[in-house]
Amino acid sequence: MTTLFTPVKIGAYALSHRVALAPLTRMRSETGDIPGDLMVEYYAQRASEGGLLIAEATPVSVRGNGYQGAPGIYADEQIAGWKRVVDAVHAKGARIVLQLFHAGRQSHRDLQPGGAAPLAPSAIPFEGMAHTKDGWQPATPPREMTLEDIATAIEEFREGAVRAKAAGFDGVEIHGANGYLVDQFLQDGSNHRTDAYGGPVENRVRFLAEVTAAAVSVFGTDRVGVRLAPGGTFGGMSDSDPARTFAHAARELDAFGLAWLHVIEPRVAGSQEVTEGAHAVAARDLRAHFHGPIIAAGGFSPESAAAIVAAGEADLVAFGRHFIANPDLPHRIRHGLPLNAYDRSTFYGGDHRGYTDYPAVSAVAA
Ligand SMILES: Cc1cc2nc3c(=O)[nH]c(=O)nc-3n(C[C@H](O)[C@H](O)[C@H](O)COP(=O)(O)O)c2cc1C
């Protein structure tokens, strides 16, 4: 496990260990869209000296929301709420970046301004659920974005980065994974456009590249990363040639000299285990195309995390579900201590139960 506890440089940050918090939508904003006390406590619990936290998918506009109760970064009041989270994490010596997010078609008209249809590259429905004030509802079929809508969305990502910077975040991660808007442009199962944003992979990657450039214009290349799910099917995703699509995307991102590429390994779809497909694209495949630091995530145990770092296929490992249930996960892994089990029923929404009440080791021992 010692490989996980060696220093590593990721963009502008010198970290002292390689156990990162994966971005996790938990829908615990008490006001509906502003981070409050509960979120401050949750993130502070998971901060460790020299560690990296990637804060949850955060919509850059009301249009980008897909989950009632998720905090946003599209209004100035949200900056003050996030600043409290950031300050609490910094006080414990950790770094925290914000995951900038637009749900695209994985949304519902009740979450949209004026009850409008959600936006997507093409008018292809998402056969899944969105979280509204009335609970989980089937997603509303989307409307195809105009070129003006696309320019607006890119500007929303830029403004989200500006607000994240004002809140004191150390950087941002573009959510290009799990079938949300950026991924919907990238993969040809959800992008049937015939203009400059659709068709060949060179066009499908354009939205990702322009969103990334917008974030870089605010934070600089050494404080911006991108998350991709090259083997993922979550969000109803499919691509006719994922190896080619994601190799191209990784090369495009490599040209920016980004702080990190965050790869969800093909062993999970969203947060459910899947059997690895023979041709699923993984971090080891993208290493050949992206030369900066790689964060791997998805179904890791402490042992397999140490193994992927030792093999040189990733520089850091982000943990999701184990970090939900173990606020002191880096400490537990470092000392080979047992892990608390997670309770899936409290992943999304609710109160402090299943959010801030998982015990740290000292509390277990007490
Ligand atoms: C409750 C929950 C919420 C999640 N929310 C996000 C999110 O906001 N952004 C994201 O990129 N991935 C999200 N994921 C995926 C995780 O970041 C991670 O990739 C996944 O849980 C697999 O890692 P694990 O096996 O360590 O849990 C979520 C997963 C779970 C369980």
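This note comments on the nonpolar cores and the aromatic pairs of the structure.

1. The model is predicted: local features need pLDDT of at least 70, side-chain atom pairs count only at pLDDT 80 or more, and totals for chains, interfaces and linings use all residues. Residues are numbered from 1 along each chain as its sequence is written, and side-chain values use heavy atoms, with hydrogens and water left out.

2. The largest nonpolar core (buried Ala, Val, Leu, Ile, Met, Phe, Trp, Tyr and Cys residues joined through side-chain atoms within 4.5 Å) has 84 residues, and Tyr43, Trp82 and Phe207 have the most contacts inside it. Helix α6 (residues 206–219) supplies the largest share of this core, eight residues; helices are DSSP runs of H or I, at least four residues, and strands are runs of E, at least two, numbered from the N terminus. A second, separate core of 15 residues includes Val8, Leu15, Ile54 and Trp260.

3. There are 14 aromatic pairs (Phe, Tyr or six-membered Trp rings with centres within 6.5 Å; stacked under 30 degrees between planes, edge-to-face over 60, the rest tilted). Tyr42 and Tyr355 are stacked, because their ring centres are 4.2 Å apart and their planes at 10°. Tyr42 lies in helix α1 (residues 37–46) and Tyr355 in the loop between α11 and α12, so the pair ties together parts 313 residues apart in sequence. Tyr42 is buried at 1% relative accessible area, and Tyr355 is buried at 0% (buried: under 20%; exposed: over 50%; partly exposed: in between; 1.4 Å probe, protein chains only).

4. Tyr67 and Trp136 form an edge-to-face pair, with centres 6.1 Å apart and planes at 75°. Tyr67 is buried at 8%, whereas Trp136 is partly exposed at 39%.
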